[in-house]
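The following exercises are to be worked with the sequence and the coordinates at hand. Each task is followed by a stepwise solution.

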Amino acid sequence: MDSRMEQALTKLKATGVRMTPQRHAILAFLLNTMTHPTADEIYKALAPRYPSMSVATVYNNLKVYTELGLVREMTYGDHSARFDADMSDHYHALCEECGKLVDFAYKPLNDLEITAGLETGFLIKSHRVEVYGLCTDCASARQV
């Protein structure tokens, strides 16, 4: 079993969250994808294997995972919320055409919170950085 899954299961057990097959499937799906899915995308991917699972089940579990710090909820304007189980420090590039979301790292931003705290006196807890543009597929389609 993946160490991130083991850590997540340990945290869920420690907080008294009972692990159902659907809950496990949602968590495994999130830990094994890099696509930043919406709740509806998770539901559609898992519904064939779990026909009794509802969209509400997915939303309720995502809320639990977000509250426990296992998943990050990301909202972008009018688009549906997307969920990211990669809790490491990283940033996102968002395609304004198709909504594709891609992770990237940028080391100089690692000191951003320290600098912000020193200059403002705030106790900084986190930061969020996104860049917007066109993914390669959408940029290519525009040139055709």
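On a 1 Å grid over the protein atoms alone, a pocket is an open set of points where a 1.4 Å probe fits, with protein on both sides within 12 Å along at least five of seven lines; lining residues have an atom within 4 Å of a point. The model is predicted: local features need pLDDT of at least 70, side-chain atom pairs count only at pLDDT 80 or more, and totals for chains, interfaces and linings use all residues. Residues are numbered from 1 along each chain as its sequence is written, and side-chain values use heavy atoms, without hydrogens and water.

**Exercise 1.** Determine which residues lie nearest the centre of the largest pocket.

*Solution.* Step 1: the lining comprises 16 residues, and Arg72, His90, Ser126, His127 and Arg128 lie nearest the centre. Step 2: β1 (72-74) and β3 each give two or more residues to this lining. Step 3: β1 supplies the largest share, 3 residues.

**Exercise 2.** Establish the strand order of the open sheet of 3 strands.

*Solution.* Step 1: strands are DSSP runs (E, at least two residues), numbered from the N terminus, and two strands pair if DSSP finds at least two bridges between them. Step 2: the order is β4-β3-β5, with mixed pairing. Step 3: β4 (101-104) and β5 (130-133) are the edge strands, each pairing on one side only. Step 4: β3 (residues 91-95) runs antiparallel to β4, joined by 4 bridges; histidine 92 has aspartate 103 of β4 as its bridge partner.
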